[in-house]
Amino acid sequence: MLRKLLKYDMRAIWRIWWLLGLSAMGLSVVGGLALRILNNSGEQAFPAILEVFAGLAVFACIMGFVAFFIGSELLVYYRFYKNLFTDEGYLTFTLPASRAKILASKTLNACLWLVLSVLTLGACLIIMLAISGSLADFPTFLKFFFDGADVFSLLYILLLAVEGIIILLAGSWVSVGLVHFCITIGAVLAKKYKLLAAIGIYYLLNMVLSFVLQAFMILGVFATAGAIEPLFSALSETEIMFFIPLLLALIAVIVTSVALLIHYLILGKLERRLNLA
Amino acid sequence: MKKTVFYRVLLLAVSILLAWNAFLLIPSAESPDAPLLDWSITPNGLTLSDGTRTFSRYTLPTDAKWEPILSYYVFDAGDTELHIKGTESYQSARIASPARDSEIIFLQATYIEAGIYVTEDGKTALDHFFETRENGSYRLARGAYYTAPIDTETALSLGQEFSEITETDVTQLALLERFSLVVYDKSGAIQWKLGDLYCFENGAVGYVDYKMLNNSHFDAEGNFSYRSGTAPVILLPSNIADTLRASAEQIEYCEPDYEYEAPATPFINFLPLFWTICIIIGYILPLILLLLGLFLPRSKKRGNPKRWYVIAVLAAIWIVLATALILILL
């Protein structure tokens, strides 16, 4: 059932998302050409008005990318809200699927579109830079980076990359979970203006979290900056080689635990507190 | 009724947020026109005050200088704004005092000639030093910062009259290895050059005592001149020469013989804080999760036990990884 739920969730988003994605790709072509004009303005004499338009086009392009990302996110979260907490919720919850599966489908859907949006933005950036001619030296850079690397080093880099990707995926799960959590709490607390309540709760939660995290980060940075040098200078190369992947694994476990906790909190609210009546 | 309550709560939340944002803006509205400084000086530049103490300008003997050994030079008020008394104006200044003596300070300001300011005690100490040279420390110096201490008895013995004095061409002296004999006052910041020592190729050590020279031996800056003419060189007895040579071999870049801890940058040992954070992140947080994961499945209210067991497993992996990292760091 999860597969079916996910299929329909993804299809619903795809219906509008592909237009946004295509627009972003189109914008990247325009932005690349504009950037090319700006890059070559020293060698070729372009009319001043063209350079001004090129600058504006690059700016519009970046704004377009931001709009694409925000638009993608809004699509996903609005579907979550509409499917579960409006009148449509009556229909959704009559489906032969548990609330856990419905939430899993929504969460997977949101994470997938978040990843796809980021990948699309990356592709747009590459297209833009390739057209503008800024990537000419990239193959040389890659050759320099990987030249002389033995199999062991490549495997080590692969391990770090895999851990990094797991952390990023778990991080996107946390960010999706936080938005879902706020929408759920907003819908549970407020009878009307549920979206407004969700936005308020999200703002409040974000503020509290950023305070706590900042305080912790400042303390952590001070402590680490002050203590890391004497601690690390005592480590051998082998110890550092073990330390880095272990640290990344720990971060991955911490982020996954947080994501899972948030997920279970939402599920608890959906299963026991939600009342659409 | 419920709607009203919700509106009120929302309004309260928005008000708190706006108030908090306004609070965050307060620092940017702070007026830059009111520097909270205590340093002030009279318009004629003769009296300086730090708010609690008053310093008077002190005129050094012409052959003495404010030239502290590098490490003694401590800026108490690095770049500061100095208030000109009786006016609304300020000027930028650097105020320095030797770490050993806060009775004597040095002022370098934009429009007031640089100079030394002393409290009553500082004035008494400096007057006494210039009259008797007591409480001073004697050093052999090469260049500005390479020095070696010599004992007072040896230093004072150089000033005694010895029988063998030769008039030597100063251009020849310029070619020899030489050291200055400098006496610093108690603060270590005011130096008084007493003479120069020359090491001859035959092993003899000669001393040119500035007291025996007249104005023609010095340039406009007050430094011994090697341009032309002769100077009286006292050939030192071999025992004193040996002592001085031994001291000269110990000349090194000056290091302070005390530990000065500037109050602005106190040394903090961050290791306890680092380990505290490690313990909190590595053990206390996952332990809470582990306990929740193990005990909440027994509670009927708290839903699906399988979910809590997953949390408990993750917390256990968390603790194991943290332990491995801490073991590597230890």
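Two strands count as paired here if DSSP finds at least two bridges between them. Keep that in mind while looking at this predicted model, starting with strands β7 (residues 104–109) and β8 (residues 115–118) of chain B, which pair in the antiparallel sense over four bridges. To find the pairing on screen, look for B:F106, which stands opposite B:I116 in β8(B). The link between β7(B) and β8(B) is a hairpin, with five residues making the connection.

Now stay with β8(B) and look at its other partner. Strand β3 (residues 54–58) of chain B also runs antiparallel to β8(B), and three bridges join them. Here the pair to pick out is B:R57, opposite B:Y117 in β8(B). What about the two faces of β8(B)? Are they covered or open? Both are covered: B:G115 and B:Y117 are buried on one side, and B:I116 and B:V118 are buried on the other.

A little further along the chain you come to B:D121, which sits in helix α2 (residues 120–132) of chain B. Is B:D121 buried or exposed? With a relative accessible area of 56%, B:D121 is exposed, since the cut-off for that label is over 50%. You can also tie B:D121 back to β7(B): B:I104 lies 17 residues away from B:D121 in sequence, and their C-alpha atoms are 8.9 Å apart in space.

Next, move on to strand β13 (residues 190–199) of chain B. Nine of its 10 residues are buried, so β13(B) is largely enclosed by the rest of the structure. Which strands pair with it? One of them is β12 (residues 177–184) of chain B, joined to β13(B) by eight bridges and running antiparallel to it. In that pairing, B:V183 stands opposite B:W192. The hairpin of β12(B) and β13(B) has five residues between the strands, and in it B:G188 takes a positive phi near 80 degrees.

Strand β14 (residues 205–209) of chain B is another partner: it runs antiparallel to β13(B), and five bridges join the two. Look for B:C199 opposite B:V205 in β14(B). This hairpin, too, has five residues between its strands, and B:G203 takes a positive phi near 100 degrees. Then there is strand β4 (residues 64–66) of chain B, which pairs with β13(B) in the antiparallel sense over three bridges. B:W66 is the residue to find there, as it stands opposite B:I190 in β13(B).

From the strands, turn to a pair of helices. Two packed helices are described by the angle between their axes and the distance between the axes. For α6 (residues 271–295) and α7 (residues 305–329) of chain B, the angle is about 160 degrees and the axes are 7 Å apart. Angles over 145 degrees count as roughly antiparallel, and α6(B) and α7(B) are therefore roughly antiparallel to each other. Their crossing is left-handed. As for what meets in the contact of α6(B) with α7(B), its residues divide into 23 nonpolar, three polar and no charged.

Finally, step back to the whole chain. Chain B has seven helices and 16 strands. Of its 330 residues, 40% are buried. And if you take the contacts in chain B with a separation of 6 or more, residues 24 or more positions apart account for 60% of them.

Technical notes
Residues are numbered from 1 along each chain as its sequence is written. Chains are lettered from A and ligands numbered from 1 in the order in which they are written. This is a predicted model: local features need pLDDT of at least 70, side-chain atom pairs count only at pLDDT 80 or more; totals for chains, interfaces and linings use all residues. Side-chain values use heavy atoms; hydrogens and water are left out. Axes are lines fitted to C-alpha atoms, for helices over the stretch in contact, and angles run from 0 to 180 degrees between N-to-C directions. Angles under 35 degrees count as roughly parallel, over 145 as roughly antiparallel, 65 to 115 as roughly perpendicular and the rest as oblique. A crossing is left-handed if the near helix is turned anticlockwise from the far one by less than a right angle, and right-handed if clockwise. Ala, Val, Leu, Ile, Met, Phe, Trp, Tyr, Cys and Pro count as nonpolar, Asp, Glu, Lys and Arg as charged, and the others, Gly among them, as polar. Buried means under 20% relative accessible area, exposed over 50%, partly exposed in between (1.4 Å probe, protein chains only). Contact means heavy atoms within 4.5 Å.
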